[in-house]
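Trainee: Could we go through this structure together before I head back to the bench? I would like to take it piece by piece.

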Amino acid sequence: MLRSFLWTFLLTGLLLRPMAGLAQSPQTRPLQLALARATTDTARVLLLADLAATYRYSHFDSVSYYAHQGLRLARHIGYMRGEGRCLSRLAILPGDRGNLPQALRLNLAALRLNEAAHDLEGTARTLNQTGLLYFALDDYRPSLRYSVRALRHYQQAGTTDTSQLISVITNLGASYEGMRRYDSAAFYLNQAWQLTTGHRRQTWSCWGDPAPYVLRELGLLQLAQNQPRAALAYYRRSAQAAGPENDQRSVSRAYQYLAELYAGQGQRDSSIWYARRALVLAASLPYVVGVVRNSSMLMQAYEARQQPDSALYYTHVLLAAQDSLFNPRRIKQLDAIAFNEHTRLLELEAERAELLDRLRIGALGVGAGLLLLALLLLWRRNRQQRHATRRLEVLHRQLGEQAGELTTQRDNLVQTLKELKITQGQLVLREKMASLGELMSGVAHEIQRPVSLLRRYAAASTELCDELRQQLNQLPLPPEQQVATDKLLDSLHQNQSHIVQYGQRADSVVRGMLEYSQGGGGARQLTDLNALAEEYLRLVYHDLRAKNRYFSAALLLHPDPTLERLMVVRQDLGRALVGVFSAALQAVAQRQRQPDEDYVPQIELTTRRTAASVEIRVRDNGEGLPPETLLTVFQRFPGGSENGLSLALSHDLITRGHGGTLSVSSQPGRGTEYCIVLPLPAVPADS
């Protein structure tokens, strides 16, 4: 109800101003004529999908109308390729309106249809749209991955649609720009601009002229390189190029970047003028990201001017748009959908690996059969030779004895094979249980940060609700509005209490998952701790390098050569070491990202035997931990720490599973040291 009230409040002000018309793009009319002349249903479906694409930046209702028409026709005739393309067009609508989970669901459904129909261009377009969803959330790494996959599919298809190819290349440049890798961004953006200027203007596909998008991103790159005048020229050229295409969203974004540039230069009047025009265009589509950015600028500008009425107006606009775009429930849905898609891809890979294993086993079976057949033929030949001559009786008797031995060996092999199958089944079951524990630990790790942030934001929202109530009580509102406002604030306060309650419930669920994942430690084994610690350190290090190829660190190993083998649970101790090594490596990786050319990341591993215990020390030269963090470093929800859950798990495995201790000491700016102490077994006294 509050959200509806704020949107009504926004549109009441915006609709009083003249809005952009719903003119067609240059590609719309030719497609309408082609649709009227189409003679087959499959051609009509593809033309309806292309016709919907021409309205994507000017009139969303037309996108929905033509895409739904094409989708119904495609499903009626069983045309999978057309169904995937029309579903991909429908995914444009919730994405721009702020419903990112719904957009991701539609894109993934369209992607499965594209792949099933072997439609490389449709698959590429859907991958490109999926990357743009993550780009809207400033999550540039998945955006870059999807854009790379889209470009690869376009190249495999040998596409002649230059407009879509330029769009993907520009997305690559924009993603690198968001990651502040400006050399790569400049390479792709310049390549996109060369393709744009080299294409004939009258021959663009249904996706239109990409010049407004390319010029806008070139302007952002110039501004990032401290060239505001060049950026200003690119923004104006982008707005001018968007006019003939009726690209309302590109005009809105160009005005938005002009407003941000003028705000950065202190030209507040120009910034407000462009921001208001951009907000009108964004609200008319509606384009929720544009509404958020421009209303935020206008709110800050009017606060600086000390005009509280206007600042409050745009604050309401901003809150309503942010609730649509950054709703925590939708963000969780988005993460869940992405996780399910990742799981599906892993299952497909596992099925492919299983098929290869079956083929290998089949080949081995055929080879064994051929070998057995050869043995049988040889035995038959020897038997025939025995009947041919009596002088070979001795040889035949020997062969018979050998055949008996082979039979015994075969029986032994059959028995051994049965035992191996039983053992294999037990190992598979044990591996599945271990994987289940790791999966539950990983899931708990993934939801720990949202739960902690949820509880913190709930507390902050309660305080903001009280402050808002005080501010509204000071305003001369009519009694009816005062009563309605109090009811809304009471409902909001009650919702925050429910959030805290369910956050505590999620905390208990995570604790249960962790306790399950820690259970069943296994048997103790004599273990070389020097080799075990070095092995897990290198495994964690190479795993981090696989995720970030630009990361490197010096591993300094100081093992105690006098350290004898110790009875430990190898798996549990290994999991504890993984948590400690991960925390140390991430600390040096975080410091390496800072602009310090003389910094060399180092991880030092030291083992030492004392009279009653064994020490394993891990030291890094990262930024170190502040004193307040040291007090909560081994808690399950330490206020947003990324390594809190893994270190808490390591602490439990050391203290509860092995009766040892895990401690940490840190010097801010110099590094952190973790110390694992394992007690030695008591030596029995001589009788």
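Mentor: We can start with the strands and then move on to the helices, the hollow spaces and a few single residues. Please keep in mind throughout that this is a predicted model.

Trainee: Okay, strands then. Is strand β5 enclosed by the rest of the structure or not enclosed, and why?

Mentor: Strand β5 covers residues 613–620, and because 6 of those 8 residues are buried, the strand is largely enclosed by the rest of the structure.

Trainee: Which strands does β5 pair with?

Mentor: Strand β4, residues 602–609, pairs with β5 in the antiparallel sense over 7 bridges, and strand β7, residues 671–679, pairs with β5, also antiparallel, over 8 bridges.

Trainee: And what joins β4 to β5?

Mentor: The link from β4 to β5 is a hairpin of 3 residues. If you want landmarks to click on, Thr607 stands opposite Ile616 in β5, while Val618 has Tyr674 of β7 opposite to it.

Trainee: How should I think about side chains along a strand in general?

Mentor: As a general point, side chains in a regular strand alternate between the two faces of the sheet.

Trainee: Does anything outside those strands come up next to Ile616? Where is Asp560, for instance?

Mentor: Asp560 sits in the loop between β2 (554–558) and β3 (566–568). Asp560 and Ile616 are 56 residues apart in sequence, and their C-alpha atoms are 9.9 Å apart in space.

Trainee: Is Asp560 buried or exposed?

Mentor: Asp560 counts as buried, because its relative accessibility is 13% and the cut-off for buried is under 20%.

Trainee: Switching to helices: what span should α16 have, and what does the model give?

Mentor: Helix α16 runs over residues 288–304, and at 1.5 Å a residue its 17 residues should span 24 Å; the C-alpha atoms at its ends are 24 Å apart, so the two values agree. The helix is also mostly covered, with 13 of its 17 residues buried.

Trainee: What comes after α16?

Mentor: Gln306 follows α16, and its phi is positive, near 60°.

Trainee: Which other residues have a positive phi without being a glycine?

Mentor: His118 is one of them, with a phi of about 55°, and Arg180 is another, with a phi of about 65°. His118 lies in the loop between α7 (100–116) and α8 (120–136), and Arg180 lies in the loop between α10 (162–178) and α11 (182–197).

Trainee: Are His118 and Arg180 buried or exposed?

Mentor: His118 counts as exposed because its relative accessibility is 68%, and Arg180 counts as exposed because its value is 69%; the cut-off for exposed is over 50%.

Trainee: Now the hollow spaces. How many cavities of 30 Å³ or more are there?

Mentor: The count is 1 cavity of 30 Å³ or more, and the largest cavity has a volume of about 40 Å³.

Trainee: Which residues line the largest cavity?

Mentor: The lining of the largest cavity is made of Asn382, Gln385, Arg386, Leu392, Leu395, His396 and Leu399. The elements that give two or more residues to this lining are α18 (328–388) and α19 (393–473), and by class the lining has 3 nonpolar, 3 polar and 1 charged residues.

Trainee: How about the second largest pocket, what is its volume?

Mentor: The second largest pocket holds about 1000 Å³ of space. It is lined by 22 residues, of which Ala368, Leu372, Leu375, Leu406 and Arg410 are the closest to its centre. Helices α18 and α19 each supply at least two residues of that lining, which by class has 14 nonpolar, 6 polar and 2 charged residues.

Trainee: I also noticed Trp379. Where is it, and how accessible?

Mentor: Trp379 is in helix α18, and it is partly exposed because its relative accessible area is 42%. Trp379 and Ala403 are 24 residues apart in sequence, with 8.4 Å between their C-alpha atoms.

Trainee: Last topic, cysteines. How many disulfides does the structure hold?

Mentor: The structure holds 0 disulfides. As for single cysteines, Cys86 counts as buried because its relative accessibility is 0%, and Cys675 counts as buried because its relative accessibility is 7%.

Note on methods
Residues numbered from 1 in each chain as written. Predicted model: local features only at pLDDT ≥ 70, side-chain atom pairs only at ≥ 80, totals over all residues. Heavy atoms only, no water. Buried < 20%, exposed > 50% of the residue type's maximum accessible area, 1.4 Å probe, protein only. Helix = DSSP H or I, 4+ residues; strand = E, 2+ residues; numbered from the N terminus. Pairing = 2+ DSSP bridges. 1 Å grid on protein atoms, 1.4 Å probe; cavity = no way out; pocket = protein on both sides within 12 Å on 5 of 7 lines; lining within 4 Å. Points joined across faces, edges and corners; volume = space filled by probe spheres on them. Nonpolar A, V, L, I, M, F, W, Y, C, P; charged D, E, K, R; others polar. Expected span 1.5 Å × (residues − 1). Disulfide = S-S within 2.5 Å.
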